[in-house]
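Me: I should like to go through this structure by question and answer. Please give the reasoning briefly and close each reply on the value or name requested.

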Amino acid sequence: MIDFAELGELVKTRRSIRKFQDKPVPEEILLKALELATWTPNSGNQQSWRFWIVTNKELIQKMGMR
């Protein structure tokens, strides 16, 4: 059963990050985030998952440019 108090706390305390620290995210956290992402709903589970972990700072900057 869902804990609505915990869910409410997550919703109320979420934040947008616009300035990031210049240090790598630990691999353990990246892998856990990927695991959780596979649990998110999609259209009838008909779409294949594709995830990329990009750690190259230069490539990350290029991807952010429009």
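Me: Which helices each supply at least two residues of the lining of the largest pocket?

Reply: The model is a predicted one. In it, the largest pocket has a volume of about 680 Å³. The helices that each supply at least two residues of its lining are α2 (27-37) and α3 (57-64).

Me: Which element gives the largest share of the lining of the largest pocket?

Reply: The lining of the largest pocket consists of 19 residues, and those closest to the pocket centre are Gln21, Lys23, Pro24, Val25 and Ile60. The largest share of the lining amounts to four residues, and the element that provides them is α3.

Me: How many residues of the lining of the largest pocket are nonpolar?

Reply: The lining includes three polar residues and four charged ones. The remaining class is the nonpolar one, and its count is 12.

Me: Where does Pro24 lie, and is Pro24 buried or exposed?

Reply: Pro24 is among the residues closest to the centre of the largest pocket. Its place in the chain is the loop between α1 and α2. The relative accessible area of Pro24 is 73%, and exposed means over 50%. Pro24, in the loop between α1 and α2, is therefore exposed.

Me: What is the C-alpha to C-alpha separation of Pro24 and Glu58 in space?

Reply: Along the sequence, Pro24 and Glu58 are 34 residues apart. In space, their C-alpha to C-alpha separation is 13 Å.

Me: Which residue forms a salt bridge with Lys57, and what parts does the pair tie together?

Reply: The structure holds three salt bridges. In one of them, the closest N and O atoms of Lys57 and Asp22 are 2.6 Å apart. Because Lys57 lies in helix α3 and its partner in the loop between α1 and α2, the pair ties together parts 35 residues apart in sequence. The partner, exposed at 66% relative accessibility, is Asp22.

Me: Why are Glu35 and Lys32 separated by about one helical turn, and what is the N to O distance of their salt bridge?

Reply: Both residues belong to helix α2 and are three residues apart, so about one helical turn separates them. Glu35 is partly exposed at 41% relative accessibility, and Lys32 is likewise partly exposed, at 43%. Their side chains meet in a salt bridge with an N to O distance of 3.6 Å.

Me: Which residue forms a salt bridge with Glu58?

Reply: The closest N and O atoms of this pair are 3.5 Å apart. The two residues are four apart in helix α3, so they are separated by about one helical turn. Both members of the pair are exposed. The partner of Glu58 is Lys62.

Me: What is the area of the nonpolar surface patch that includes Val11?

Reply: Val11 is found in helix α1 (residues 4-13). With 55% relative accessibility, Val11 counts as exposed. The patch is made by Met1, Ile2, Phe4, Leu7, Leu10 and Val11, and its area is about 730 Å².

Me: How many Å separate the C-alpha atoms of Gln47 and Ile17?

Reply: Gln47 is placed in the loop between α2 and α3. Its relative accessibility is 48%, so Gln47 counts as partly exposed. Gln47 and Ile17 are 30 residues apart along the chain, and the separation of their C-alpha atoms is 29 Å.

Technical notes. Residues are numbered from 1 along each chain as its sequence is written. This is a predicted model: local features need pLDDT of at least 70, side-chain atom pairs count only at pLDDT 80 or more; totals for chains, interfaces and linings use all residues. Side-chain values use heavy atoms; hydrogens and water are left out. Patches are made of residues with over 30% relative accessible area and no salt bridge: like charges are joined within 9 Å, nonpolar side chains (Val, Leu, Ile, Met, Phe, Trp, Tyr) within 5 Å. Accessible areas come from the Shrake-Rupley method with a 1.4 Å probe; for residues, only the protein chains shown count as cover. A salt bridge is a side-chain nitrogen of Lys or Arg within 4 Å of a carboxyl oxygen of Asp or Glu. Buried means under 20% relative accessible area, exposed over 50%, partly exposed in between (1.4 Å probe, protein chains only). On a 1 Å grid over the protein atoms alone, a cavity is a set of points where a 1.4 Å probe fits but cannot get out, and a pocket is an open set with protein on both sides within 12 Å along at least five of seven lines; lining residues have an atom within 4 Å of a point. Grid points are joined across faces, edges and corners, and a volume is the space filled by probe spheres set on the points. Ala, Val, Leu, Ile, Met, Phe, Trp, Tyr, Cys and Pro count as nonpolar, Asp, Glu, Lys and Arg as charged, and the others, Gly among them, as polar.
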